[in-house]
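Here are a few worked exercises to try at your own pace. Have a go at each task before reading its solution.

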Amino acid sequence: MNAPADLPDLLRQLADLSDVRGASLEAHDLRRAAAAVDSLGPDGTARLTRLARRGRLHLHDAIVPPDTEWRIREILAEGAQEVLRRARTSLPALFRHLLDAAAIDAAEARALARLDVLTLSDLELALHDGRARSALSHAGASRLDALLPSLLEQRETMVLGRAWDLLESLLTLLAGASPPLPLFEPAGDVRRSEPFVTGIVLVAASESPARVLEAVCALLESGTFHHRGSSRAIVGFRGTEVDFRISEPVARGTVLFVATGANRHVAAVLGRNPSQDPCPSEADLYARAGLVFVPPELRDGSDEIEAAARGTLPSLVNRTDIHGDLHMHTTYSDGRDSVAAMVRECVSLGYEYLAITDHSQSAAASRTLGRDDIARQRDEIDRARQAFPQIRILHGVEVDILCDGRLDFPDRLLERFDIVLASLHERCGHDGRRLTSRCLGALRHPLVTIFTHPLNRIPGQRGPYPLDFERVFEVAAETATALEVDGAPGHLDLDGAHARLAVRAGATLAVDSDCHRARSLERQMRLGVGTARRGWVEPVHVLNARPLDEVLAFIARKRNPSPTEP
């Protein structure tokens with residue numbers, strides 16, 4: 001057996017790590033064990049080693065508390081480093097990283113956990129507001145300050161669509177609990193519609209937070225519990241840490257606000273708040289700070305605080321403002337569902353209109369709409385119009401902008417569609433100047449109503465094309481061509497920053513799902529709306545937040561401008 005040099009100190013380290021996990025009884029027993037070994041004097045560790053070899057740790061004089069005997073046997077058998085390593089793997093990810101980097105020791109980890117600092121976001125805020133500095137030594141706080149930028153840069157993320165996959169499974173599980181649990185609301189990056197999500201946070205309110213948390217933990221018994229307190233738990237669920245926060249109703253607003261972030265915004269608002277009393281609603285919290293309510297999607301710590309102080313925040317577009325979806329795919333290209341299935345789902349969503357817009361023949365999709373397919377698809381759409389008279393079905397196409405700048409179908413075919421969307425799918429080795437030229441040609445084409453996913457990015461895989469976006473937005477406004485905010489998880493494009501610039505340039509936007517299966521129409525539209533809201537987009541800026549007659553008029557004006565129009 002390998003006896004550690006200082007068994008009592010090791011036991012105290014393990015007790016500190018147990019405190020980080022919220023296992024206070026285990027921590028208490030480990031400290032009792034450390035005190036018991038200390039009482040044996042300088043040769044206590046050696047004596048225990050001899051006893052363990054004989055299988056006689058628990059003697060008549062109670063050398064070792066019964067509940068920790070197994071842990072001491074484990075330490076003596078496997079060695080201190082292995083036991084410490086295994087204890088660290090059960091901690092929240094923040095502490096695993098900090099301990100592995102030797103940025104903190106076990107006692108400092110316990111001090112941070114007692115401040116309710118359990119995630120990287122918590123640490124960032126605690127360093128900013130001074131709580132971490134008061135709990136740690138000056139040297140310890142300085143180490144964390146120096147390490148924080150690299151931790152933020154290297155933190156693991158998932159794309160927003162993947163986060164919603166996980167969240168919807170989890171929310172369904174919680175909703176099916178018996179007895180019923182209170183309503184959980186997503187917070188954090190998801191609530192702000194961030195394209196990259198660093199963690200899942202769920203907030204609920206109850207008069208009995210501890211009882212609710214106990215029920216949640218029982219429901220997730222197959223998960224890995226990294227921390228479990230009286231009102232908060234960090235649970236590993238399908239490979240991702242989920243941060244559950246349960247507040248009393250009187251504090252719900254404060255807990256939801258802090259859990260939503262971003263930290264720059266949280267710190268700025270709390271810095272304006274003369275009262276530190278908890279608030280039942282976020283609106284109350286903002287009012288105490290002398291601000292109007294700031295929608296979550298705008299909380300990035302930039303100019304939204306100043307606008308909230310002036311009362312000049314925009315009235316953002318909501319999902320309920322959307323009258324129809326102008327971009328979706330069927331089995332005529334790379335969609336999974338038929339025309340009828342897509343239409344049926346749009347009817348169930350309460351849309352006034354929709355556009356079927358399959359890929360043109362040269363797109364690099366798995367299937368495309370060939371010239372010979374157009375008439376057959378039109379016939380199928382006519383049958384759907386008869387079957388679903390309550391909704392207007394536009395026969396559209398998503399046509400590729402080819403390498404030479406032409407559109408994939410000739411005008412004689414394009415003019416037979418009710419609506420034409422143009423996309424830049426292939427870079428063709430072109431630099432930013434040539435890519436921009438291809439886009440501007442499509443924007444000026446009289447049959448093109450919408451320029452789809454203008455950045456042509458794939459979050460996490462490919463950045464935006466190097467277009468002259470200032471010029472693209474300017475020409476879109478001049479030609480009355482709508483620019484798309486695409487809700488597909490693989491695009492989320494235009495992103496918030498570019499959407500805001502486009503609106504400032506006077507461009508009209510279209511918020512679409514770009515959906516390839518009926519069951520995802522609603523979710524992808526919500527993702528598109530959330531992305532648009534990040535760009536300060538209002539309903540007046542959005543083409544498909546308008547009734548059908550205005551959409552048809554928008555299409556007609558581009559195709560047949562009056563003599564007085566430019």
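**Exercise 1. Find the loop that holds Leu494, then look at the peptide bond between Asp493 and Leu494.**

Step 1: Leu494 sits in the loop between β13 (482–486) and α23 (496–504). Helices (H or I, at least four residues) and strands (E, at least two) are DSSP runs, numbered from the N terminus.
Step 2: The bond joining Asp493 and Leu494 is cis, with omega about 5 degrees.
Step 3: For background, most residues other than glycine have a negative phi, and most peptide bonds are trans.

Before going on, note that this is a predicted model, in which local features need pLDDT of at least 70, side-chain atom pairs count only at pLDDT 80 or more, and totals for chains, interfaces and linings use all residues. Residues are numbered from 1 along each chain as its sequence is written, and side-chain values use heavy atoms, leaving out hydrogens and water.

**Exercise 2. Describe Trp536: what is its phi, and is it buried or exposed?**

Step 1: Place Trp536 in the loop between α24 (521–534) and α25.
Step 2: Its phi is positive, about 60 degrees, although Trp536 is not a glycine.
Step 3: Trp536 counts as buried because its relative accessibility is 13%; buried means under 20% relative accessible area, exposed over 50%, partly exposed in between (1.4 Å probe, protein chains only).

**Exercise 3. Move on to Leu552 and work out which residues it touches.**

Step 1: Leu552 belongs to helix α25 (residues 548–559).
Step 2: With 29% relative accessibility, Leu552 is partly exposed.
Step 3: Not counting residues up to four places away in sequence, Leu552 touches Arg392 and Leu394. Contact here means heavy atoms within 4.5 Å.

**Exercise 4. How do α1 and α5 pack, and which residues make the contact?**

Step 1: Helix α1 (residues 7–20) and helix α5 (residues 80–89) pack at about 5 degrees, their axes 10 Å apart. Axes are lines fitted to C-alpha atoms, for helices over the stretch in contact, and angles run from 0 to 180 degrees between N-to-C directions.
Step 2: α1 and α5 are therefore roughly parallel (angles under 35 degrees).
Step 3: From α1 come Leu10, Gln13, Leu14 and Leu17, and from α5 come Ala80, Val83, Leu84, Ala87 and Arg88.

Methods
Parallel < 35°, antiparallel > 145°, perpendicular 65-115°, else oblique.
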